[in-house]
Amino acid sequence: MLTDVKKDWSDHALWWEKKKTWLLKTHWTLDKYGIQADAKLQFTPQHKLLRLQLPNMKYVKVKVNFSDRVFKAVSDICKTFNIRHPEELSLLRKPRDPTKKKKKKLDDQCEDEALELEGPLITPGSGTDVLYIGPVKGNIYSSPGLYSKTMTPTYDSHDGSPLSPTSAWFGDSALSEGNPGILAVSQPITSPEILAKMYKPQALLDKAKINQGWLDSSRSLMEQEVKENEALLLRFKYYSFFDLNPKYDAIRINQLYEQSKWAILLEEIECTEEEMMMFAALQYHINKLSIMSSENHLNNSDKEVDEVDAALSDLEITLEGGKTSTILGDITSIPELADYIKVFKPKKLTLKGYKPYWCTFKDTSISCYKSKEESNGTPAHQMNLRGCEVTPDVNISGQKFNIKLLIPVAEGMNEIWLRCDNEKQYAHWMAACRLASKGKTMADSSYNLEVQNILSFLKMQHLNPDPQLMPEQITTDINPECLVSPRYLKKYKNKQPGYIRDLITARILEAHQNVAQMSLIEAKMRFIQAWQSLPEFGITHFIARFQGGKKEELIGIAYNRLIRMDASTGDAIKTWRFSNMKQWNVNWEIKMVTVEFADDVRVSFICTEVDCKVVHEFIGGYIFLSTRAKDQNESLDEEMFYKLTSGWV
């Protein structure tokens, strides 16, 4: 009889397809929901299968709550994977490659399966390869996730391996008895064909179109027509990485490293040839150490770790880089810079080059004098860098150390170029310019750290050819086609394949000498830090039409500013800082975003190929992230996030 059938219906709920609504308020009557007799309701499980592509491009099968808001669903996913600060991540629809013909869904799935995570994430004998996400009462695969609020290290700060049994850092999740450490291990690209098949955006407009795929964080997966077994991408959405700590964040650091690695290899972000070789050398180093670390961890699984030593050594490795200076200096005065700097102001139809000036950098302003002796008088030029765009233009081998400044003025942006004589001078002036653009002076505690970061970044790009450090036997394990982007291989398209391979391998090995002594975690952190130093880092592009404008342009959103950009060149036309923002509004009828800044500045634009809700959420999301502080507990203020990002929809 039917009464003898026992089944757990606790995960089921009613779904109203016509209105795209879950009926989750069980105390409401159907009449209160506005449901008539002819309405079709579906009684369906809330947890459904999803094929999730992690930032390392590998797929895992997960069961996610399709009735939760995306923000909550991502939080549950991150808790299960032990990734802190889930507010930095979100879900993205897979971009379609416009250069390829429409393929059958089956073909797409076969291509994805070639990138399945190597190695079991869950115990092979568990009878399933699906990971259950989110707390469900009585389910053996539920996991509350773990947020480390104590100072007890969770991971080794040198190689990222766990310092305690996996059950302690993955709770009661199915991951605790499987192979969760695989998420913290970088898996090298095994074949150039894998890289060749990946979609590479060819222009800024292509990059902007990828951002159409971000899901609405305040609505559920079902409401956004995500189907069961669909492939979605888990990515770091907001480029503001808070409290990145090797003791707790081995998985988070590895996935962030992977996302930055793929962004460079797929040419989603521009870098110079010297920088590319530095990134390739770091990848090669990380791949080697990852293999060694896995082997050592298997052989020393019961090793004892002195937690005090681990904590002390960790102090040396942070995302900001370097050791904290013990010299506090004179905190009552603001440091200044004064030196001869070559200055160039480009103008149309002019061939004039750089002209040397005695330049002084005080507070957030640079004053230029014709000579040092005239520095007590009126400057020939003066510029306030608050709110400006600062872009490096460096070539180590060519000894070129330029700083490009785009300074906001009433009619747009003034372009000024500074040329430094050497790395040391460049590091100090570049650090001062970056701080000044944020309204900070050289008295800020981060100034010396910024100088050291710049010097470290430049040092990693040095080429040190030394035959003694490049034995023939180690060249066999390098696959240079998997370590550099296709653009740099095309430079040598007229050469023999063997010659290209040997040439790039030699350059990677030269660059490797600068990073060979780094630990695994430090190398990953340095890679992330170098990625953050690239001029285009952290800017999310959208195609927009500005009020009063006659053509489509780009709106770039970064963690601290909005940028109006030329769609063809990517040049900044105008920049507005969030620190000067008074409010922003959306006219949902005409899909127009309006942002008001100090001094009665108003910016209005319509997003032409994406729902303005996506742009609204990016602005609100960055404002939300700016409120985080280290003295707060780990809990997220979800309501505040929705208040800043959901809008009226």
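**Cysteine environment and sheet arrangement in the predicted model**

With a relative accessibility of 0%, Cys 368 counts as buried. In this predicted model, Cys 368 belongs to no disulfide, and the nearest cysteine sulfur, that of Cys 359, is 3.7 Å away. Because a disulfide requires cysteine sulfur atoms within 2.5 Å, the separation of 3.7 Å between the sulfurs of Cys 368 and Cys 359 does not qualify. Cys 420 likewise takes part in no disulfide, its nearest cysteine sulfur being that of Cys 433, 8.0 Å away. Cys 420 is also classed as buried, at 4% relative accessibility. The count of disulfides comes to 0.

The strand arrangement was examined next. An open sheet comprises 7 strands in the order β12-β11-β10-β9-β15-β14-β13, with antiparallel pairing. Its edges are formed by β12 (381-384) and β13 (389-395), each of which pairs on one side only. On average, neighbouring strands of this sheet are turned by 30° against each other, direction ignored. Within the sheet, strands β10 (residues 355-362) and β11 (residues 365-369) run antiparallel and are joined by 5 bridges. One bridge partner across this pair is Ser 365 in β11, which is matched with Lys 362.

The loop between β9 (337-344) and β10 contains Lys 347. In contrast to the buried Cys 368, Lys 347 counts as exposed, because its relative accessibility is 59%. Lys 347 and Glu 415 are 68 residues apart in sequence, while their C-alpha atoms are 9.0 Å apart in space.

Definitions and conventions
Residues are numbered from 1 along each chain as its sequence is written. This is a predicted model: local features need pLDDT of at least 70, side-chain atom pairs count only at pLDDT 80 or more; totals for chains, interfaces and linings use all residues. Side-chain values use heavy atoms; hydrogens and water are left out. Two strands pair if DSSP finds at least two bridges between them. Helices (H or I, at least four residues) and strands (E, at least two) are DSSP runs, numbered from the N terminus. Axes are lines fitted to C-alpha atoms, for helices over the stretch in contact, and angles run from 0 to 180 degrees between N-to-C directions. Buried means under 20% relative accessible area, exposed over 50%, partly exposed in between (1.4 Å probe, protein chains only).
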